[in-house]
Structure formats: C-alpha cells, structure tokens
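Visitor: I should like to take a close look at a single part of this molecule and to follow its connections outward. Please choose one residue, describe its setting, and then move on step by step to the elements around it.

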Amino acid sequence: MVDSLNKDWHDKTILIAEDEGSNFKYLEIALRKTGVNILHARNGKEAIEITKERSDLELILMDIKMPEMDGLEATKAIRTFNSDIIIVALTAYAMENDRDMSIEAGCNDYIAKPVHQNRLFSVLAKFLDE
C-alpha cells in the first residue's frame with residue numbers, strides 16, 4: 001500500500017483528461033495532499049492542446065471515453081509529437097482487451113474505474129517518484 005500522505009509531488013505537473021466533473025473532483029481531492037499541480041482537459045482535443053502547450057507536464061491521466069475525441073485517439077495523437085510523456089489510461093471498461101487496447105494506443109499503464117486511491121497512488125508513484 002502506498003501512503004499518499006508521504007508523497008510530495010509539488011514539483012510535478014499532471015494533466016487529468018476527464019469529462020465527468022465528479023470523477024475529476026475525486027481525483028483532484030485524492031491528489032491534493034501531494035501538492036501536485038493539476039491541469040484539466042474535458043476531452044481528447046483539449047488534452048492534445050494542453051500537452052502541446054505545456055513542456056512541464058510529467059504525466060497524463062487519460063479517460064478513455066470522452067466526447068469530441070476519446071482517450072485512445074488523443075493518446076495516439078500525442079504520441080506523434082511526444083513519445084516521453086507518461087500516459088495512464090482511466091477506463092470503466094475493465095476487460096483485459098481494454099487494457100491491451102490502451103497499451104497498444106501508447107499508454108504506459110492502465111487504471112480501471114472506479115479508481116481506488118491505493119491503485120491510483122501505486123501507479124503514479126511508479127512514474128513520479130524519483
């Protein structure tokens with residue numbers, strides 16, 4: 001179990017690409033105690049634009065099912081200009097095939113919804129802890 005209270009990510013910036021307000025709020029509240037700087041995209045197109053604009057982004061939490069452009073399309077597009085950014089898929093589709101599709105699209109990891117705080121922090125710690 002990863003202790004979220006001992007995480008200090010104040011020097012990190014992450015993008016949460018999530019169209020559902022309640023899901024974004026849950027993630028924001030869970031991550032607030034780490035001091036991480038959080039940006040918000042409401043669809044895949046916004047996620048691409050923010051990723052192009054922000055050179056300080058370290059990680060994207062990418063919802064797969066979003067309006068205008070889904071997370072898989074957005075991930076593929078981001079990978080055309082940024083192969084280094086960490087992208088973690090968030091999806092309510094928790095079948096093995098969905099994990100595979102996320103990884104094939106260019107995601108580094110995968111978290112099934114509903115997002116459990118322990119899983120969230122263990123995945124993020126893998127990429128944000130130095």
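Guide: The helices and strands named here are DSSP runs, a helix having at least four residues and a strand at least two, and they are numbered from the N terminus. The model is a predicted one. The residue chosen is N43, which belongs to the loop that runs between β2 (37-41) and α2 (44-53).

Is N43 buried or exposed? Its relative accessible area is 6%. Because a residue under 20% relative accessible area counts as buried, N43 is placed in the buried class. When residues up to four places away in sequence are not counted, N43 touches M66, P67, E68 and M69. With one of these, E68, the side chain of N43 makes a polar contact of 3.2 Å. N43 also has a link to the helix that follows: at the start of α2, one of its side-chain oxygens comes to within 2.9 Å of the backbone nitrogen of K45.

The partner E68 deserves a moment of attention. E68 sits in the loop between β3 (57-63) and α3. Its relative accessibility is 61%, so E68 counts as exposed. The side-chain contact therefore joins a buried residue, N43, to an exposed one, E68. The backbone of E68 has a feature of its own: its phi is near 70°, which is a positive value in a residue that is not glycine. As background, most residues other than glycine have a negative phi.

From N43 one may pass to α2 itself. Which residues of α2 are buried? They are G44, A47, I48, I50 and T51. The cover over these buried residues includes β1 (13-17), β2, β3 and α3.

The packing of α2 against α3 can be described in detail. Helix α3 spans residues 71-79, and its axis lies 8 Å from that of α2, at an angle of about 20°. The two helices are therefore roughly parallel. The crossing of α2 with α3 is right-handed. On the side of α2 the contact is made by G44, A47, I48 and T51, and on the side of α3 by A74, A77 and I78. Of the residues in this contact, 5 are nonpolar and 2 are polar, with no charged residue.

Strand β1, named above as part of the cover of α2, also contains A17. With a relative accessible area of 0%, A17 is buried. Apart from neighbours within four places in sequence, A17 is in contact with A41, A47, L61, M62, D63 and M66. Among these, A47 is one of the buried residues of α2, and M66 is also touched by N43. A17 and A74 are 57 residues apart in sequence, yet their C-alpha atoms are 9.8 Å apart in space. A74 is one of the residues through which α3 meets α2.

For comparison, another buried polar contact may be examined in strand β5, where D109 is located. The relative accessible area of D109 is 5%, so D109 is buried. Its side chain is joined to that of K126 by a polar contact of 2.4 Å. Beyond four places in sequence, the contacts of D109 are I87, V88, A89, I103, R119, V123, K126 and F127. Between the C-alpha atoms of D109 and I87 the distance is 6.9 Å, although 22 residues separate the two in sequence.

The loop between β5 (109-112) and α5 (117-128) holds P114. The peptide bond that joins K113 to P114 is cis, with omega at about 0°. Most peptide bonds, by contrast, are trans.

The last step leads to α5 and its contact with helix α1 (residues 21-32). These helices pack at an angle of about 65°, and their axes are 11 Å apart. Here too the crossing is right-handed, with α1 passing α5. Y26, L27, A30 and L31 of α1 meet Q117, L120, F121 and L124 of α5. The residues of this contact comprise 7 nonpolar and 1 polar, and no charged residue is present.

Note on methods
Residues numbered from 1 in each chain as written. Predicted model: local features only at pLDDT ≥ 70, side-chain atom pairs only at ≥ 80, totals over all residues. Heavy atoms only, no water. Buried < 20%, exposed > 50% of the residue type's maximum accessible area, 1.4 Å probe, protein only. Polar contact = N/O pair within 3.5 Å; in protein donor to acceptor, adjacent residues only side chain to side chain. Contact = heavy atoms within 4.5 Å. Axes fitted to C-alpha atoms, helices over the stretch in contact; angles between N-to-C directions. Parallel < 35°, antiparallel > 145°, perpendicular 65-115°, else oblique. Left-handed = near helix turned anticlockwise from the far one by under 90°. Nonpolar A, V, L, I, M, F, W, Y, C, P; charged D, E, K, R; others polar.
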